Amino acid sequence: MNKHLVLLLFLAFFISKDTLNVNGFEYYLGESGYDSNNCQTSLTSCKTLGAVPIKDNVDNAETYIVYIMDITSISQQLSITQTASARTFTKGPTTSETYCEIKVYDTGYFFVQGSVHFSYIEFIVDSGTSYETVINVPSSSFYSTAVVTLEVCKMSMTTGASSISRRLILQQNGSLNIDNLNAENITTQYAIIYCNSSVRTVSITNSHFENVIRQTDSDNSQGGIIYVSLSTSGHQLTLSGTQFIQCKSTSTYAVGGALYLLLDKYATGTLSNLEFKQCEAYRGGAIYIQLSYSSTGTLSDLVFNQCQASNGGGILAFVFENAQLTLSSSGSDKQCLFSECKANGVGGGGMYVSCLDGGIVNLNQQCKFYKCISDWGNGGAIDLYMNFTQIGKFIINDAIIQECEAKQGSFLTSRLGYGGGIFIGVTGNYGPSVGDVIDLHGMKIDGNKADKLGQTLYVVMNELERWCKEGTAGYYVKGNYSDATSDENQLMGIAKRKEIYDYYSVSQIQSETIRLESYWNDGSGSDPGDDDDFSGNEFYIQTSGSSDSNECTQSNPCSTLYASAIRSNISNSIPVLVYIIGQTSINNQLTITQASQPSTFRNQGQQSTILSYIYVGQNGQFSIQGYVKFNYIEFVVTDVGNQGLSVITEDKATAIITITNCIVTSDITASSFNRIFIKQDLGKLSLNNITVIDFISEKGIIINDEATELLIANSRIENITRSDVGQYNEAGAVQIRITGSTGKLNVIGTRFIGCKSSGSNSLGGGIYLYLENKAVASFDGVSFRECEARNGGGLYSSIGDGQIMINDCNFYQCSAQNGGAIYANINFQTSTQFTIKETLFSECTATSSQSSDYTGRGGAIFLAGTGDYSASSNGLNLKGMKIYNNTADKSGQSLYVVMTKLSEWCQYGTAGEYVKGNYSESNSDVNELVGIADYFNQFEKLPIDQIEDKQQYLECYWSDEKDICPTIIICILV
C-alpha cells in the first residue's frame, strides 16, 4: 500500500477518534493537566473549568461534553445559556471510579440560563462566604426553559470543613431533574436544594441524604434540606425512591427536618417510596408541607421511623383553600408507616394537621401509626385542627393506630395528655352534616392510652353530639370500636369550640367531658339553630302565592317582612320567631325594640341548614333597638341604596345583634354602591360563621362605633373594596371604634382576603381599629391575605390607653405605603398594651410614593409612637413576631419604628427579646428591623436626608455582631 495513503488513513483515524467531534465539542480535564493546553484529548487535557477552551465554547450551538479524568475545580462563574443541547459534564470514558471530582471553591459556581447535565460527578464544596450556590438558575422569566439534570452525583464538604454556607442548587426557574444524588455528613446553613415558585417541574428520584444538618439562614423558621415552592397550575414536584437519614434542622424555630414544601394555586406534588429515619426539627420532624389554593399533595408508601419535633413528629401539614392531601400505600404489601415518632411539646407524634378553609385530608389504604408519642402534648398519633367556617374534610378510610400515647408531662394542671391516638380541635360552628367533614369510619384502634382523657380519641367540637348521631350508631366516629366490648374511655370529647376550650381549666374539662358512645346509645340529640326551646309567636313568610294581608301562619303565610302581622307584633313583649320559606324581601324600615328576649329571623324548620334569602331594596333596613337574631339567612342587596343606608342599624345601648351562619351578597351591576351591611353605634354585636364576598362599597361592610361588645368569629370577608374614608381617614372593610372602659372586641378564626381601601389617605385594608379608655381587642387565629391600604394593609390600629393582643394570626402578601401588614399608632403616655404572639408575617410589602418621603417603610409592621414609652411596662411586646420575605422600598423590610425611647425598648430584656421575634443576629439582614428615635409628629417634618442619617438598625441597640453599627450606638452597648 502506498505509504502516503497509510499516513493519511492513520491521521484520519487519529483526528476522528480523539481530536475532532463532527457533532460538537469534547474536552478533557484532569488533575495533571494544564489550562494552557487545548483540552481536546486526554493527552492535552486542561486542569480547571476556568480554561479558555472550556469557557469560550460553552455556549456554542453544537453538542458540548466535558470529560473529567479524575479531579478538576471551578473558582469563577461559568455561565451556560445554550438550550439547543445540554452542556454535559461527566467522568472520563476510561475512568474506573464511580465519581470524578469537581472542587467548588469559594468563588466558583455554575450560572445556568440554558441546559446542563452532570453525571458521575462529586461536588466537593468549599465554605461559601462569597457565593451561596454551586448551581444557580436565575429567576427572570427569560430563563424559564433552563434545565438542570444531575445523574449519579454526590455532594461533599471540602476536607477539614466543619460546616459550609452553600446550596448545591438554587433553581429559580425552568426544570430540575435529579436521579441518584448522594449527600452525606454535611452541615450547612442553607437547604441543599432550593426551588422557588417560578420553577415548573422538580423531579428527585433514587437519592440518599444522610447526616445532613441544616443550621440557620436569614429566616430561622424555615428548615428542610430540600426546599420546594411551586405556585402555578401545571407546576409539579415528584420525589420518589429516596432516603432521608438523620436529616435535621437545628435552629430554634426551624420547620421541616428533611423537606419544606409549599404548593399553591393548583400545583401538584407526588411523594412515593420515601424513608425518613431519625429526622428532627422544631416543628415537622421530617416534612413540613403547606397546600393552598386547590393544590394537591399525594404521599404514598412513606415510612417515618423515630422522627421527632415539638409538634408533628413525622409531618406538619397545613391544608387550606380547597387543597387536598392524601396519604396511602400502593399495595397490600406496603404501608404508609409512622413508627415510634414523637412530639415533644404540642401534639401529633406522627403528624400534626391544620385543615382550614376547605382543605381536604384523606388517609387511605394501609396507613399505620405505631408507638407514636405526644410527650407534653395531645394526640399521640395525630393532632388535628379544623375550622368550620368553610367546608373541608378529614377522612380516615383505612388507618391503624396502635400503642400510641398522649402524655401530660410535668404540667399536671395543663390541657395536655388527651387523645392517645387522635386529638381533634375544631373552631367555629357548622350547619350541614358533620360526618361529611370529619369521617373516622376506617379507623382501627389497638392498645392506645392517654394520661388524661380519651385513650384513643378526644374531640373538642361544638357539634359533637350531632356528629356522633349522624349515620348509624356512631358510624363517622368509632371505627372498629365495639359498643359491646370496648372500653367507653377510648372515645371521649367535649361539646365546646376549640377557642373556648383553650381557656378552660382542667376541672372544667373533666366535668364536661362525655364518653362519645353515650350519644348514639342513649343521648338526647340537638338541633341546628338552637331555637327548639322557643316560646312565643311564630310567623311564616313565603313570597310565592302569599299576601301581606294574611295572618303569617304556617298555613296562611305572608309575602314580605313588612306584613302587618309582623310589624304589629315585632316589638311586643312576647318574642317573635319568623320563618322565611325560600325567600322574601324588605323594602322599608322594620324597627325591633323587644330587648328581654330575641326576635329571630331564620330559615325554614329547626333541622334545616339550607339558607333562606332576604332581598334588601333601596329603603329596606332593620332598625334594632332591642334583641335580634338572624340564622341561616342570605342577605342580597338589590339596590344602590339611599345615602349610605345600612342593611342593619342600631343606636341604643340595649341593642343586641346576633348573626350566625349567614351570607351577604349583592346583585347590583353598578361599579360601586353606597350601602353598609351593619352600622352600629352602641350595644352588642356577635357575628359567627358569616361570609361576605365581592363588595365594592364606598363605606365598607361594617361600621361599629362605641359598641360595648363585638365578636367576629369563624367568618370570611373577601374581595371587599372600599372607595371612601371616614372623618379621620378611617377605612377598612370593617371599621371599629371603641372608647368605653368596658368595651371589647374579639376576632377569632376569621379570614380577610383581598380587602382593599382605595382612598388616597385610607387607614386599614381589612380592619380599621380605634381603642382608648381601657378598651380591649384580641385577634386569635385571624388571617389577612392580599389586603391593601395607604397605611396598614391588613390592620390599622390607633391605641390610646387600650390593649391589643394578636395571637396565632397570619398576614400574607398584604401591602401599604407604610406597614404592609399592620400600622400601629400608639400613645405611650397611657397604659397601652400591644402584644404579638406566634404570628406570621410573610411576603408583605411597603411601597414608596413619589408624593411622600415618609412612605416605603415597614414591610410588615410600621409602629408610630407619641409620648415616651416606659420599657418596664412591657406594653410593647413583639416576641411572637415571625417574619419571612417581607420587603420595603426604603427601610425596615419587616419592621419600622418611630418612638422616642427606642434604645430603652430595644435594650430591655435579653438581646432585643421584645423587639425581634424570630430575627437572627447571625443571619438576618439588618434592614429587617429599623427605627428612628423621635416623636412621630417630628418625624413627619424631617427632610429625607435627616431621616436616613438618624434612623438605625435596631439590632445595633443590643448587638454589634455584624460590625456595622455607628460608634454612638456601640458606646450605648458598652
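The domain assignment splits out two pieces here: domain 1 covers 46–206, and domain 2 takes in 525–646 + 664–669. Their centres, taken over C-alpha atoms, sit 69 Å apart. Keep in mind that this is a predicted model. Below is a quick tour of the cysteines, followed by one of the sheets.

**Disulfides**

- The count of disulfides comes to two.
- One of them links C39 and C46, with 1.8 Å between the sulfur atoms.
- The S-S torsion of C39 and C46 is about -85°, so this disulfide is left-handed.
- Both ends of that bridge are tucked away from solvent: C39 is buried, and C46 is buried too.
- The other bond runs from C552 to C558, with an S to S distance of 1.9 Å.
- For C552 and C558 the torsion about the S-S bond is about -95°, so that disulfide is left-handed as well.
- As for exposure, C552 and C558 are both buried.

**Cysteines without a bond**

- C341 takes part in no disulfide; the nearest cysteine sulfur belongs to C307 and is 4.8 Å away.
- The cut-off for a disulfide is a pair of cysteine sulfur atoms within 2.5 Å, and the 4.8 Å from C341 to the sulfur of C307 does not meet that.
- C341 has a relative accessible area of 1%, so it counts as buried.
- For C809, the closest cysteine sulfur is the one in C814, and at 12 Å it is too far for a bond.
- C809 comes out at a relative accessible area of 3%, so it is buried.
- The cut-off behind both of those calls is that buried means under 20% relative accessible area.

**A five-stranded parallel sheet**

- Five strands make up an open sheet with parallel pairing, and their order is β24-β28-β32-β36-β40.
- The edges are β24 (308–311) and β40 (449–450), each of which pairs on one side only.
- Inside the sheet, β28 (residues 342–347) and β32 (residues 373–375) pair in the parallel sense, and two bridges hold that pairing.
- If you want a residue-level handle on the β28 and β32 pairing, look at A343, whose bridge partner in β32 is S374.

**Quick recap**

- For the bonded cysteines, the pairs to remember are C39 with C46 and C552 with C558.
- For the unbonded ones described here, C341 has C307 as its nearest cysteine sulfur, while C809 has C814.

Conventions:
Residues numbered from 1 in each chain as written. Predicted model: local features only at pLDDT ≥ 70, side-chain atom pairs only at ≥ 80, totals over all residues. Heavy atoms only, no water. Buried < 20%, exposed > 50% of the residue type's maximum accessible area, 1.4 Å probe, protein only. Domains from an automatic or database assignment. Pairing = 2+ DSSP bridges. Helix = DSSP H or I, 4+ residues; strand = E, 2+ residues; numbered from the N terminus.
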